[in-house]
Amino acid sequence: MAYLELNNVYKSYGEGDNRTDVLSNINLSIEEGEFVAIVGFTGSGKTTLVNLINGLLKPTSGEVLFKGEPVVDTSHERGVIFQNYSLLPWLTVGQNVYMAVKEAFPKEKKAFLMKRVKDYVGMVSLTPAINKRPKELSGGMRQRVAVARALAMNPEMIIMDEPLGALDALTRGNLQDEILNIWSQDKRTALLITNDVDEGIYMADRIIPLKPGPNATLGPEFKIDIERPRDKTAMNDNPNFKKTRNAIIEYLMDIGEARKSVSNEIYELPDIAPKSFVA
Ligand SMILES: Nc1ncnc2c1ncn2[C@@H]1O[C@H](COP(=O)(O)OP(=O)(O)OP(=O)(O)O)[C@@H](O)[C@H]1O
């Protein structure tokens, strides 16, 4: 039994003429302690996939199993870092993180909770902004609060939906390292959804492309055979890095071309005129 399993998962939105088939025949198996990245084009169904795993959505058919049990709801065991940071606007940075920590550790004393808030706000370099409200922060700072909030809850599995997209390269690199530290020290399981192949190779054990939809499905996996801890600078000269990067990019370009050729199809519109049109 895998830690997380998706078996023949299909997901559509709407009914009848309004039906959109987003995901088709998704099969994914992640072992405990693994770090898996899914790379995909925008609009291909990545957030839908995250929400199915998180328990915010139910599959149209197929099953999502977490530790052998069907996922029916959200759970603290699976912490999600969303791309749209969703902070409570009336609370400060510290209070936003505190609320989440209190929910995850309901029996702990205030001193424990406050220390955890301080540690995780510090980890994302936001100590000077701990008393600010979200509207006083830049998009990147808000995203860092969202990262601190999710990790401070101590989830067994960290699920990341393009969590670092809005950040500058330096902050992004630092947070990648923090996430990797937490993942490896605390023996977590991680799923990263990204459109950045280099980020996926730096962080993950395996990369799986999501082929664009409608009816998006997972492509072949690419194993990242590079020793940990990985060094970004040294990696550029690593033959395995170059080989894997080229293979993934080539694959994505091929499916991108296939997508373009589908969207370039010419549709003929029927030759009709409105019956009651008065010029
Ligand atoms: N609630 C919904 N009702 C109807 N269609 C939806 C709904 N949510 C998403 N979709 C459609 O499903 C498709 C995939 O959306 P999704 O947000 O999962 O993609 P994504 O890969 O995360 O996109 P992005 O990279 O732009 O965030 C899109 O065509 C979108 O319009």
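This is a short walk through one chain, from its overall layout to the surroundings of its ligand.

Okay, so before anything else: what you're looking at is a predicted model. The chain has 279 residues, and 37% of those count as buried. In terms of secondary structure, we've got eight helices and eleven strands. If you lay the C-alpha atoms along the principal axes, they fill a box of roughly 70 × 55 × 40 Å. And if you take the contacts with a separation of 6 or more, 68% of them come from residues 24 or more positions apart.

Let's go to the domains. The assignment splits the chain into domain 1, which is 1–75 + 157–164 + 172–261, and domain 2, which is 78–154. Their centres, taken over C-alpha atoms, are 25 Å apart. Where they touch, domain 1 puts in 14 residues and domain 2 puts in twelve. On the domain 1 side, the elements giving two or more residues are H1, strand S7 (157–161) and helix H5 (169–185). Which of them gives the most? That's S7, with five residues. By class, that side of domain 1 comes out as nine nonpolar, two polar and three charged residues.

Now, strand S3, residues 35–40. All six of its six residues are buried, so S3 is largely enclosed by the rest of the structure. Look at the two faces: Phe35, Ala37 and Val39 are buried on one side, and Val36, Ile38 and Gly40 are buried on the other. That odd-even split fits the general picture, by the way: in a regular strand the side chains alternate between the two faces of the sheet. As for partners, S3 pairs with strand S8, residues 189–194, in the parallel sense over five bridges. One pair to click on there is valine 39 with threonine 194 in S8. S3 is also joined to strand S9, residues 206–211, again running parallel, by five bridges. For that one, try isoleucine 38, whose bridge partner in S9 is isoleucine 208.

There's also an antiparallel sheet. It's open, with four strands in the order S2-S1-S4-S5. S2 and strand S5 (69–70) are at the edges with a single partner strand each, so one side of each has no neighbour in the sheet. At the S5 end, two bridges join it to strand S4, residues 61–66. Phenylalanine 66 is bridged there to glutamate 69 in S5.

Quick stop at helix H2, residues 93–104. At 1.5 Å a residue, its twelve residues should span 16 Å, and the end C-alpha atoms are 17 Å apart, which agrees. Its buried residues are Val93, Gly94, Asn96, Val97, Tyr98, Ala100 and Val101. And what do they pack against? Helix H3 (110–123) and helix H4 (139–152).

Last thing, the ligand. Around it you find Tyr13, Gly14, Thr20, Val22, Gly40, Thr42, Gly43, Ser44, Gly45, Lys46, Thr47 and Thr48. Strand S2 (20–30) and helix H1 (46–54) are the elements that give two or more residues to that shell. H1 has the largest share, three residues. So what classes make up the shell? It's two nonpolar, nine polar and one charged. A couple of these should sound familiar: Gly40 is in this shell, and we met Gly40 among the buried residues of S3. H1, likewise, came up on the side of domain 1 that touches domain 2.

Technical notes:
Residues are numbered from 1 along each chain as its sequence is written. This is a predicted model: local features need pLDDT of at least 70, side-chain atom pairs count only at pLDDT 80 or more; totals for chains, interfaces and linings use all residues. A residue is near a molecule or strand if its C-beta atom, placed from the backbone, lies within 6 Å of it. Ala, Val, Leu, Ile, Met, Phe, Trp, Tyr, Cys and Pro count as nonpolar, Asp, Glu, Lys and Arg as charged, and the others, Gly among them, as polar. Two strands pair if DSSP finds at least two bridges between them. Domain bounds come from an automatic or database domain assignment. Two residues are in contact if their C-beta atoms, placed from the backbone, lie within 7 Å. A residue is buried if 20 or more other C-beta atoms lie within 10 Å of its own, exposed if 12 or fewer, and partly exposed in between; C-beta atoms are placed from the backbone. The expected span of a helix is 1.5 Å times one less than its number of residues.
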